[in-house]
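User: I would like to learn how to read the interior of a protein model, and then how to move outward to its ligand and its overall dimensions. Could you take me through one case?

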Amino acid sequence: MRYAQITGWGKYAPPLLMTNDDMAKIVDTSDEWIFSRSGIRQRHYSHISTGDMAWLAAEKALAAAGLDADDIDLIVLGSTTPEEICPNTASYIMNKLGASKAAAFDINSACTSWFYALNAATDMVRAGSINRALVIGSERISLAMDWQKRESCFLFGDGAGAVVIEASEQESGLLASKISCIPDSRECLRLPDWGMTPTHLTDNLFISLDFEGQEIFKSAVKGMSDAITDVLEKQNLSADDIDLFIPHQANIRIIQTLAKRLNFPMEKVVVAIHKYANTSAASIPLALCDALEEGRIVPGMKILTATFGAGLTCGAGIIQWGDRVEPLGVSDASVADYEGTVFDLMADSFVHYGVDAKHLLSK
Ligand SMILES: CC(C)(COP(=O)(O)OP(=O)(O)OC[C@H]1O[C@@H](n2cnc3c(N)ncnc32)[C@H](O)[C@@H]1OP(=O)(O)O)[C@@H](O)C(=O)NCCC(=O)NCCS
């Protein structure tokens, strides 16, 4: 049998932080409210593009796998926030890496994009059409935050995570998966006009998240529960057989509700939302990298993952880890830091959404 083992991993968390206290200087909110409702303490905001964050995470993943860029057959980027639609961002990453033999495409299923991408690339490796792929999730979602909407602007952060998957005869990698899309649920989570609509011809394009938090919350729990039941059945496993659960990081209360439904102790759950908030397509690979760095993943472990996002798309999967939990190498790829504060970085966005934050700027 042919499998698609994860052999490399890497992440990029931008250096600038927007804490809940920072946020309370811009909108009518508080650290106490945000943390108690969502589990979020802070989020990273990026001064570099989705493509550059993805490239940095990919360089680290390649080094961890001990591979050169030319060893890669395919680059798949999962993202909702590419700078441009055509050409795709995966081809930008391919050129930055110098992965001259790789095919390149993007997948957009919102927060589930990385998991959908892992599905596609795993199936291609297992079918034998490719041997090695880079699967990346990267989002610069801070630019879509509407500072007039206190109910959603605190939820998201920027970042990137990547894995390398390689053909292997060892039973490992994504062994079972379920992806789905809940009918009639497109309206509750949207970035209207983010794409080729007539409004792109006007100068005054506002990309502002439409968001029905409680509706999404309920659908997310149901969609992920159903997907998890499906993959456990496919593998003939129960929740007790799972060693670690890495869910999409959208809200700690969604994660806790899911864990309770599954009868799954929180000690076995990877929680990263307090550090990163919801980084959309990057959330699961970021949490996976953290779990590896913290020594929470051991060889042969059975890892459950579950995710949801706009669409509403859902998914769950069972990943069996291989033999290696240490990176083979370390990448020294880097970018220059931003010279300024997080408020300076977001200054144009504050102006765009009509928030007076001039007093917070350092320049
Ligand atoms: C967003 C979310 C945290 C809100 O939690 P909630 O318990 O549903 O809160 P509500 O929307 O009911 O708001 C409760 C009150 O807090 C207020 N409120 C909303 N945002 C606030 C903020 N940032 N600070 C302070 N108060 C706020 C509301 O105005 C409301 O006040 P009211 O009772 O006087 O009307 C929660 O619904 C959620 O996480 N949803 C899913 C997350 C998600 O979809 N992520 C993206 C998908 S991948």
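User: Which residues have the most contacts inside the largest nonpolar core?

Analyst: A nonpolar core is a set of buried nonpolar residues joined through C-beta atoms within 7 Å. In this predicted model, the largest such core has 110 residues, and those with the most contacts inside it are Ala-58, Ala-61, Ile-75, Ile-93, Val-135 and Ala-162. Helix α3, residues 50-65, supplies the largest share of this core, namely eleven residues. Leaving aside residues up to four places away in sequence, Ala-61 touches Gly-8, Trp-9, Gly-10, Leu-134, Ala-162, Val-163 and Val-164.

User: What share of the contacts in the protein chain is made by residues 24 or more positions apart?

Analyst: Counting the contacts with a separation of 6 or more, residues 24 or more positions apart account for 79% of them, while 49% of the 363 residues count as buried.

User: Which residues are closest to the ligand?

Analyst: The ligand is surrounded by 20 residues, of which Thr-29, Glu-151, Gly-213, Ile-216 and Asn-251 are the closest. Two or more residues of this shell come from each of α2 (31-38), α6 (213-234) and β12 (302-309). By character, the shell divides into ten nonpolar, seven polar and three charged residues.

User: Why is the protein chain described as being as compact as a globular protein of that length?

Analyst: The chain has eleven helices and 13 strands. Its radius of gyration is 19 Å, close to the 21 Å that the globule rule gives for 363 residues, so the chain is as compact as a globular protein of that length. Along the principal axes, its C-alpha atoms fill a box of roughly 60 × 45 × 40 Å.

Notes:
Residues are numbered from 1 along each chain as its sequence is written. This is a predicted model: local features need pLDDT of at least 70, side-chain atom pairs count only at pLDDT 80 or more; totals for chains, interfaces and linings use all residues. A residue is near a molecule or strand if its C-beta atom, placed from the backbone, lies within 6 Å of it. Helices (H or I, at least four residues) and strands (E, at least two) are DSSP runs, numbered from the N terminus. Ala, Val, Leu, Ile, Met, Phe, Trp, Tyr, Cys and Pro count as nonpolar, Asp, Glu, Lys and Arg as charged, and the others, Gly among them, as polar. A residue is buried if 20 or more other C-beta atoms lie within 10 Å of its own, exposed if 12 or fewer, and partly exposed in between; C-beta atoms are placed from the backbone. Two residues are in contact if their C-beta atoms, placed from the backbone, lie within 7 Å. The radius of gyration is taken over C-alpha atoms; the globule rule is 2.2 Å times the number of residues to the power 0.38.
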